[in-house]
Amino acid sequence: MVTLDMAGEEVRIAGWVHRRRDLGGLVFLDVRDRSGLLQASAGPGWSSPEAMEAVRGLGPEDVIGIRGVVTPRPEAARNPDMATGDVEVQITELEVFNKARTPAIPVYLPPDEELPSEKLRLRHRVLDLRRHDLQAKLILRHQLVLAVRNYFHEQGFVEIETPMLTKPTPEGARDFLVPSRVHPGEFFALPQSPQIYKQLLMIAGFDRYVQIARCFRDEDLRADRQPEFTQIDVEASFVRPDDIYGWCEGLMARLADVAGIEADPPFQRLTYHEAMERFGCDRPDLRYGLEIGDYSDVLGALDSNILRGAVAKGGRIRGLHLTGGARLSRKQIDAIERAAKAEGAPGLFWAKIQEDRATGPMGRFFRDDTSARLALSPGDLILAAAGPDRVTSPALDAARRASLQALELPRTTAHAWLWVTGFPVFEEGADGTMGANHHPFVQPHPDDIHRLDSDPLSVRGLAYDLVYNGTELGSGSVRVHDADLQARLLGMLGLSEDEIATKFGFLLEALRAGAPPHGGIALGMDRLAAWLSGGTSLRDVIAFPKTTAARALYEGAPVQVGAAELAALGISVGESE
């Protein structure tokens, strides 16, 4: 970096023309590289005629080299917002390495102008990546990855790479399949995670493994998902959940320090049941104190057939007490209700508490003592959903998030770290079939394992998620290390003995070779980098991301492949109907 203590020195700099300001006799350039901006000036008193002519012909994003003398800026011209704002380089010679065509999107934007659309910026990603904001995020990501490697090295972990071409296995999402040219009609899969391989490494005797792993899932995208992503993959032998919590909390403290935010272990813990009861979801944002309450006793006694009927059918009436919420307009309340309906609820009941009465669709059923029994005060709003928890929980989670936004409630903390523990081993699908809640390799809780046959949906697993500000950063568990139990669990998920042997026979064989108790976690590197850098999307911290339509706009992928190339792989493509 060029600084004031270099005044009088001759330097050579190179970079891109960020902007040019021609004041007639003087021409100023802001020259940019990865380290930032530096002002250079050309004038008849110190620049050659050739340099003056070349400077006046420069445009945005031209690539140049400069020889010049470091000179202090006049006091009134110093720029405290630039790291090099106390100096400039007076140009004596200038070389143009490359002229740039007019940029399709601007790299330099005045403070009052908005960025072009994200779609356009992704199409011209090379230009977009020149912006300081994106470069700073990618550089922070590099620093975070370096900190991860150093931290786990200090903890005695060994980094081992696992295969990228592997065997298709059911892990909850669709595989990306890779045809084998050598073995026509057979396919590899790109790994959804190194899950089975890291378990095999534990059985092989590598008792502490870590990998910065590339993973692939062929699933629908959103802001916090990409078809290819990076995770911090961790596994260790002879561990309990507390061991994993300790390592991860130490790692988060290290990464938070790199990013300049707070992470103070030990982190809060909630069981899955507590999280669902109090917040309606398994990744609650604890920066806010708003919680779901059970109002079945009070609201279920009101003269409302719908409310009474919900309780009579075994459901509950749960809701949110919004202090000061009566200030919300009907339009705002309707927006909150739409968020709840989008999660499957038929609607919300609500009442505003005025000085002398309750108003709103539910308020007309209130009795004289209803507000007092619910601890409501004038100016409050109550929102409620009635029915089974599987319906009301997601609806109230959505209503809570929409209410927080509508009320602009203050945060109780800026950084809320949380462990959610005790996830069920199984979950029931919409079609009534049973699936794995995390994945098929979670060790059932020893207190619940006796209910595997009689009440499998009630069996907790030794599984846990790390949550930050309402975002799941990582998911892990203690694994099944007994081959017979693993085969039993796979069978409970609907796999036949032949399917188990075909898809998981190599894992069962390894478990029977003498497997230690082991467990681990996978932490989303992209999510960590995005949220710790203040980003709002994974695309902010991935150099060349895919769109939500799973397309790479800059490269123009995916593309159709010629018939000869397909034939070499033994593949034919039919027309879609």
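Reader: How far does helix 12 (residues 389–407) reach from its first C-alpha to its last?
Author: This is a predicted model, in which local features need pLDDT of at least 70 and side-chain atom pairs count only at pLDDT 80 or more, while totals for chains, interfaces and linings use all residues. Residues are numbered from 1 along each chain as its sequence is written, and side-chain values use heavy atoms, with hydrogens and water left out. Helices (H or I, at least four residues) and strands (E, at least two) are DSSP runs numbered from the N terminus. Helix 12 has 19 residues; its expected span (1.5 Å times one less than its number of residues) is 27 Å, and the reach is close to this, at 25 Å.

Reader: Which residue follows helix 12?
Author: The residue after helix 12 has a positive phi, near 50°. This residue is Glu408.

Reader: Which strands stand at the edges of the open sheet?
Author: Eight strands form the sheet in the order 6-9-10-22-21-20-17-11, with mixed pairing (two strands pair if DSSP finds at least two bridges between them). Each edge strand has a single partner strand, so one side of it is left without a neighbour in the sheet. The edges are strand 6 (158–159) and strand 11 (268–271).

Reader: What is the bridge partner of Ser477 in strand 22?
Author: Strand 21 (residues 471–478) and strand 22 (residues 518–524) run antiparallel and are joined by five bridges. In strand 22, Ser477 is partnered by Gly520.

Reader: What angle does the direction of helix 7 make with that of strand 11?
Author: Helix 7 (residues 272–279) packs on the sheet and touches strand 11 and strand 17 (417–421); contact means heavy atoms within 4.5 Å. Axes are lines fitted to C-alpha atoms, for helices over the stretch in contact, and angles run from 0 to 180 degrees between N-to-C directions. The angle with strand 11 is about 90°.

Reader: Where is Pro266 found?
Author: Pro265 and Pro266 are joined by a cis peptide bond, with omega about 0°. Pro266 lies in the loop between helix 6 (241–259) and strand 11.

Reader: Is Glu61 buried or exposed?
Author: Glu61 is not a glycine, yet its phi is positive, about 75°. This residue sits in the loop between helix 1 (49–56) and strand 4 (63–72). Buried means under 20% relative accessible area, exposed over 50% and partly exposed in between, with a 1.4 Å probe and protein chains only. At 4% relative accessibility, Glu61 is therefore buried.

Reader: What is the relative accessible area of Asn469?
Author: Asn469 also has a positive phi, near 50°, in a residue other than glycine. It is placed in the loop between strand 20 (463–468) and strand 21. Asn469 is buried, with a relative accessible area of 13%.

Reader: Which element supplies the largest share of the largest nonpolar core?
Author: A nonpolar core is a set of buried Ala, Val, Leu, Ile, Met, Phe, Trp, Tyr and Cys residues joined through side-chain atoms within 4.5 Å. The largest one has 41 residues, and Leu251 and Phe152 are among the members that touch the most others. Leaving aside neighbours within four places in sequence, Leu251 is in contact with Val148, Tyr151, Phe152, Ile232 and Leu523. The largest share of this core, eight residues, comes from helix 6.

Reader: What percentage of the residues of the protein chain count as buried?
Author: The protein chain holds 16 helices and 22 strands, and its C-alpha trace spans about 90 × 75 × 55 Å along the principal axes. Of its 577 residues, the share that count as buried is 48%.
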